Amino acid sequence: MRLGPFILRRLALSVFVLFGLSIVIFIIARIVPGDPARMALGPRAPVEVVERLSKQMHLDRPLPEQYALWLWGVLHGDLGDSLFTRRPVLQDIVEFFPATLELVALTAIFIAVAGITLGALSARFANTWFDNLVRILSYLGIVTPGFAWAVIFMLIFGFVWKVFPTIGRLSEGLVAPPLVTGLMTVDSLIAGRPDLFWDALRHLILPAAALAMGPMSQAARITRSSMAENQNKDYIASMIAYGVPARVVTTKYLLKPSLIPTTTVMALDIAATFGMAFLVELIFNYPGLSRYGIQTMLNKDVNAIVGVVMMLGLVFVTINIVVDVIVAYLDPRIRLLGKRSA
Amino acid sequence: MAATPTSAQPRAESAWARRLDSLNKSWYKFSRNRLSIVGLVMVAIIVALAILAPYVTPYPQHAGKYVNFKAKNLPPGSEHLLGTDVFGRDILTRVVFAFGNALLMALGVLAVSVPIGTLTGLAAGYYVGTWVETVIMRITDVFISIPPLILALCVAAVLKPTLTNSMMAVTVSWWPWYTRLTFSLASSLRNEYYVQAAELAGAGRLHILFREILPNCASSIFTKMALDVGWVILVGSALSFVGLGEQPPKPALGTMVADGISRMPDQWWIAVFPALAIMVIVLGFNLFGDGIRDMLAPEEM
């Protein structure tokens, strides 16, 4: 299978999947018990006002018609208004998403660097005290929910040692750099303010570490086991017999092919991080899309729920496509097979 | 599939011997990894505690509506092994009762999502390449196009927060994984010779689906179930952490952690012990699940 048609097919499927997701989530958001307009305006609002809002949001129309109207809006870049921030949902998403993206990006770096390093080292020093230590740590990492790590890190590094800040994106009194990308760290570098960059980065460390613990442990375990499996293959034995230095065998011939399964699992875990970010952002009072998302859910803000979920669905589906392409590229069997049949 | 007996021994005796033998073999495979036994013991203790909660906990009445401000925020001590919370309730008691709710949640979610996933997966695998497969598998794709926790949060948030509704929320995001698993197994088993032979012999569709294909998917499905108990509990605790699970005053592990955060770091025990309890229960089921996987894995040397 060639890469071009393969990507096209994946894209077509993704459009279909997102369309399906929008129907599912639209139905879920509309089975809210109680009138969303009444909830938004409060119990004291006069009936006429509630009815007007209801009409304005098309809540009085049948469900398929509501969906069609919503879809029409989406195709024109309109996700409707949030019932609570009273602003267009799209505007809210544009404001809050970069913060979450920044957080997840740092989490991904933690996961990849620490996970692969720990996994490779414990394969290299298999069955030593180091290997056992990593094994115990990764079990702990996997079984502890991200929100529990958030609480633990906050307690240790935020209150007992006070090394890292525990609230928000920037320390109080600091003014955010001019908005360019919305990523606080990148924007402060663009503005030429290394002090702001450090402050923003320090705010990211604890939540990112809390989110990274589980996936990182998973990545370490898979790297170790797939390296241990490849270790016994004949080509490694012949490399050693040829007198290739052990370091080169480990990094070039052992680690590289072992990264294929790790990449797949890691990428899916990173994408799933957007889920746990819902809780971790809440704990660190970090103004990202996930904190916004959980608030809209708890407030039953129907338009915003649909908007946030669709946005995250889009991200999730994109990451999946990227992973498939990376794996196809990493694995010469897939890559070369494509050339031969082309 | 069991092999036909080749010896001339009386049938009944050899059947019993074989059963005993396979039981022995299973236990050997399960116990080869000492951690699996640790997991088994942990699971046994947790289940026993959860069932016997009203009899083994020191203050069973603290699991419900109970307030005693004279004993509030007591640190761990001989009266209250894990301390008391802001209402003066014994944390040990509440943790043990919460175990029961967590297990109930896992049971409920798996009891619904496994049959749904297995049946849809079987159907898609049997009718592979037809519109049945397309419809089932594309619907599955839609449901896993978003991290399960987000979908579960969404469903739980729009419904009234109760234990049953949170179970429903997790089920909505859980069944597609069983569909996928069963589909991948069933679609490849479909072309095995014994399935084709049964078809040629005139076996009905139901016979082929449930007597030929399903039994050969069973061990993979059971393995996934054993490993999933811990994950369902983890997701459940995340839901109750934001208040979308069992409602107070009934105890839920996630809720207890959330309630304790505002008391950090001075009254650390209120949040830390329930968090540890989540780790213990998930760890136990993970180790146990690994053992089941070793036990049911096809023999390879």
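Reader: What percentage of the 342 residues in chain A is buried?

Author: A residue is buried if 20 or more other C-beta atoms (placed from the backbone) lie within 10 Å of its own, exposed if 12 or fewer, and partly exposed in between. In chain A, 38% of the 342 residues are buried. This is a predicted model, in which local features need pLDDT of at least 70 and side-chain atom pairs count only at pLDDT 80 or more, while totals for chains, interfaces and linings use all residues. Residues are numbered from 1 along each chain as its sequence is written, with chains lettered from A and ligands numbered from 1 in the order in which they are written.

Reader: Where in chain A is confidence lowest, and where is it highest?

Author: pLDDT is the predictor's confidence in each residue, from 0 to 100. Chain A has a mean pLDDT of 85, and 96% of its residues reach 70 or more. Confidence is lowest in helix α14(A) (residues 332-341), with a mean of 58, and highest in helix α5(A) (residues 89-124), at 92. Where pLDDT is low, the predicted coordinates should not be read in detail.

Reader: How many helices and how many strands does chain A have?

Author: Both are DSSP runs numbered from the N terminus: helices are H or I over at least four residues, strands E over at least two. Chain A has 14 helices and zero strands. Its C-alpha trace spans about 85 × 60 × 40 Å along the principal axes.

Reader: Which residues of α5(A) and α12(A) make the contact between these helices?

Author: Start with the geometry: axes are lines fitted to C-alpha atoms, for helices over the stretch in contact, and angles run from 0 to 180 degrees between N-to-C directions. α5(A) and α12(A) (residues 289-298) pack at an angle of about 130°, with their axes 7 Å apart. α5(A) is therefore oblique to α12(A); angles under 35 degrees count as roughly parallel, over 145 as roughly antiparallel, 65 to 115 as roughly perpendicular and the rest as oblique. Two residues are in contact if their C-beta atoms, placed from the backbone, lie within 7 Å. Here α5(A) contributes A:Asp92, A:Ile93, A:Phe96, A:Phe97 and A:Thr100, and α12(A) contributes A:Leu289, A:Ser290 and A:Tyr292.

Reader: How many residues does the contact take from chain A and from chain B?

Author: It takes 39 residues from chain A and 33 residues from chain B. On the chain B side, α5 (131-143), α6 (148-158), α9 (205-241), α10 (253-261) and α11 (269-296) each supply at least two residues. The largest share of that side, eight residues, comes from α6(B).

Reader: Which residues have the most contacts inside the largest nonpolar core?

Author: A nonpolar core is a set of buried Ala, Val, Leu, Ile, Met, Phe, Trp, Tyr and Cys residues joined through C-beta atoms within 7 Å. The largest has 153 residues, and B:Ala152, B:Leu153 and B:Cys154 have the most contacts inside it. α11(B) gives the most to this core, 16 residues. Leaving out residues up to four places away in sequence, B:Leu153 touches A:Phe278, A:Ile294 and A:Met297, as well as B:Leu239 and B:Leu244.

Reader: Is B:Pro115 buried or exposed?

Author: B:Pro115 counts as exposed because it has 12 C-beta neighbours inside 10 Å. B:Pro115 lies in helix α4(B) (residues 91-126). Its C-alpha is 8.4 Å from that of B:Trp175, though the two are 60 residues apart in sequence.

Reader: How many residues of helix α10(A) are buried?

Author: The count is zero among the eight residues of α10(A) (residues 234-241), which is hardly covered. Just after α10(A), A:Gly243 takes a positive phi of about 85°.
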